[in-house]
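This report covers a ligand site, the internal spaces and two backbone details. The sequence and the model come first.

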Amino acid sequence: MWRGAAAILAANWTGSHTVPSRTLYPHQWSWDAGFISVGLAHVAPERAWRDLRSLFEAQWPDGRVPHIVFDPGVTERDYFPGPSFWTGNAPNGGPPSPNGADTASGNGGAATGPGGATANGNGNGAGTASGNGGGAASGNGAGPVRLSSGIVQPPVHAVGAWEVYRRRPDEAATEELRWLYPRLVAQQEYLATARDVGGAGLAAIVHPWESGLDNSPAWDEALAAVPAAVEVLRRYARRDNQVVSSNHRPTDDDYARYLSIALSYRDAGYRDADLADRHPFLVECPGFNALRGAAELALARIAEVVGADPAPHRERAGAITRCLAERLFDPTTGMFHALDVRTGRRNQARCVNGLLPLVLPELPAGQVDSLVDVLDSARFGVTARMPVPSYDRCAADFDPYRYWRGPVWFNINWLLRAGLRTHGRDELADRLRSALLDLVRDSGFYEYFHPGSGAGIGSPAFSWTAALTLDLLADPPD
Ligand code: 9WN
């Protein structure tokens with residue numbers, strides 16, 4: 001299994017970064033890079049550092065780390081929505097031309113981002129409504145310009161960087177941490193300020209894609225209020241449905257709304273000022289915010305290595321934990337729920353992102369007990385064989401095939417196992433580890449898995465499944 005996982009990571013390596021999947025996702029994705037680094041730490045730490053550097057070279061001057069950094073060598077046809085959609089460079093708003101990546105503008109000038117990070121971009125910083133409609137162009141001046149999307153994903157990179165460092169804490173790794181630290185701080189700062197739309201200390205996501213759990217039922221209500229850009233979708237061709245079955249992916253209706261939200265943000269120059277007044281989708285996600293907290297704790301450790309003060313990071317982690325505990329926990333369901341900032345309502349669906357606050361060590365003991373109960377209940381239960389599904393098994397609309405509406409995902413389960421260990425629930429953590437390893441042993445390194453049969457779904461050679469398998473194999477129970 002070890003060799004199979006390492007081979008997938010090698011096959012998905014492009015020379016500067018790892019793609020999530022050659023067939024489905026041929027660019028670099030943000031939170032994928034964080035998880036991938038955790039696995040590369042065991043087989044090729046130099047690639048792990050290069051991967052993280054690649055991503056952070058595309059950081060915007062305002063600190064945001066884009067959810068996709070596009071590979072200029074890949075055509076527009078190979079992924080939708082590609083660079084010309086995000087930069088607004090598709091001719092007349094129509095379908096992107098194959099050369100969109102080459103024609104998209106960007107002045108490539110270096111700008112100094114918050115926290116002392118230097119990011120090379122086209123100046124689409126916070127508060128600037130740019131003429132070209134956004135989409136950062138990045139690069140260190142040596143290689144080709146890499147365009148990016150303008151939205152983010154959960155900040156799991158400090159956790160990844162810390163894992164790579166602690167597996168081989170030599171001078172080269174310390175140097176990498178010195179380079180990354182101000183950039184990771186800038187990323188956190190961006191989320192803590194520009195994205196605190198609700199004003200309570202939690203970051204709001206502006207698009208379901210930012211959660212990483214794209215079509216989770218957690219967004220259904222907020223999404224229903226968004227107009228569907230049916231006409232826009234019609235002008236483009238979805239690529240994902242040509243690669244895997246459309247029953248395993250978000251629906252066209254979902255996509256029409258995804259496009260509508262992305263266009264709204266793009267056409268406002270990816271500005272975050274006044275989001276509350278104009279943006280159609282603003283949600284506080286418990287998973288996203290729990291991972292912000294975990295990132296602060298990893299930053300505290302990194303700060304000690306690079307000679308910075310760890311205390312503010314620990315304080316921020318504590319503050320995020322308290323906000324989550326007060327604002328997103330529902331005692332009637334015993335778990336956390338996403339809050340729609342536009343309506344002030346908490347979504348009632350029981351989704352797996354509502355269990356992720358378990359990664360926070362300072363979560364109140366009563367909430368920890370409650371999450372563990374839900375996790376081990378019939379709704380999410382870790383049976384002898386199956387890890388935790390992405391949605392409540394008992395819900396009427398539980399769908400074992402459709403992406404984040406039922407199937408089992410490896411990265412989430414890896415995080416839940418870490419959370420269980422944080423709170424000393426080792427027996428359950430060990431069961432989860434065994435179930436995950438059984439799954440890949442029987443089915444392969446798939447993107448996601450049927451929560452009943454364990455059959456693999458989506459991309460068959462998926463990087464984070466391979467990476468996190470390596471980590472689980474290297475980390476047996478005590
Ligand atoms: C949109 C790359 C990404 C993951 C997400 C997953 C899926 C993209 C898509 O693939 O999202 O970002 O096209 O469906 O939902 O978590 O990062 O692996």
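## Ligand shell

Residue classes are used throughout: Ala, Val, Leu, Ile, Met, Phe, Trp, Tyr, Cys and Pro count as nonpolar, Asp, Glu, Lys and Arg count as charged, and the others, Gly among them, count as polar. The model is predicted.

The ligand is surrounded by 17 residues. Closest are Asp32, Tyr79, Gly212, Arg249 and Tyr403. Sorted by class, the shell around the ligand holds 11 nonpolar, 3 polar and 3 charged residues.

## Polar contacts and cover

Three side chains place a polar atom beside a ligand oxygen. For Trp29, the distance from a polar side-chain atom to an oxygen atom of the ligand is 3.0 Å. Trp31 also has a polar side-chain atom 3.0 Å from an oxygen atom of the ligand. For His67, the corresponding distance is 3.2 Å.

How much of the ligand's accessible area does the protein cover? On its own, the ligand has 410 Å² of accessible area, and the protein covers 100% of it.

## The largest cavity

Where does the ligand sit? It occupies the largest cavity. The model has 4 cavities of 30 Å³ or more. The largest cavity holds about 210 Å³ of space. Its lining counts 19 residues, and those closest to its centre are Tyr25, Trp29, Gln153, Asp214 and Tyr403.

Two of these names have appeared already. Tyr403 is also among the residues closest to the ligand. Trp29 also puts a polar side-chain atom 3.0 Å from a ligand oxygen atom. By class, the cavity lining has 12 nonpolar, 3 polar and 4 charged residues.

## The largest pocket

The largest pocket contains about 680 Å³ of space. It is lined by 25 residues. Val159, Glu163, Arg301, Ala418 and Thr422 are the closest to its centre.

Which helices each supply at least two residues of this lining? They are helix H2 (30–43), helix H6 (157–167), helix H14 (286–306) and helix H17 (410–422). The pocket lining divides into 14 nonpolar, 3 polar and 8 charged residues.

## Backbone details

Two loop positions deserve a look. The peptide bond from Phe80 to Pro81 is cis, and its omega is near 0 degrees. Pro81 belongs to the loop between strand S2 (68–69) and helix H4 (83–87).

The other position is Tyr270. Its phi is positive, about 55 degrees, although Tyr270 is not a glycine. Tyr270 lies in the loop between helix H12 (252–267) and helix H13 (275–278).

Technical notes
Residues numbered from 1 in each chain as written. Predicted model: local features only at pLDDT ≥ 70, side-chain atom pairs only at ≥ 80, totals over all residues. Heavy atoms only, no water. Near = heavy atom within 4 Å. Polar contact = N/O pair within 3.5 Å; in protein donor to acceptor, adjacent residues only side chain to side chain. Areas by Shrake-Rupley, 256 points an atom, 1.4 Å probe, with all protein chains shown as cover. 1 Å grid on protein atoms, 1.4 Å probe; cavity = no way out; pocket = protein on both sides within 12 Å on 5 of 7 lines; lining within 4 Å. Sits in = over half its atoms within 2 Å of the grid points. Points joined across faces, edges and corners; volume = space filled by probe spheres on them. Helix = DSSP H or I, 4+ residues; strand = E, 2+ residues; numbered from the N terminus.
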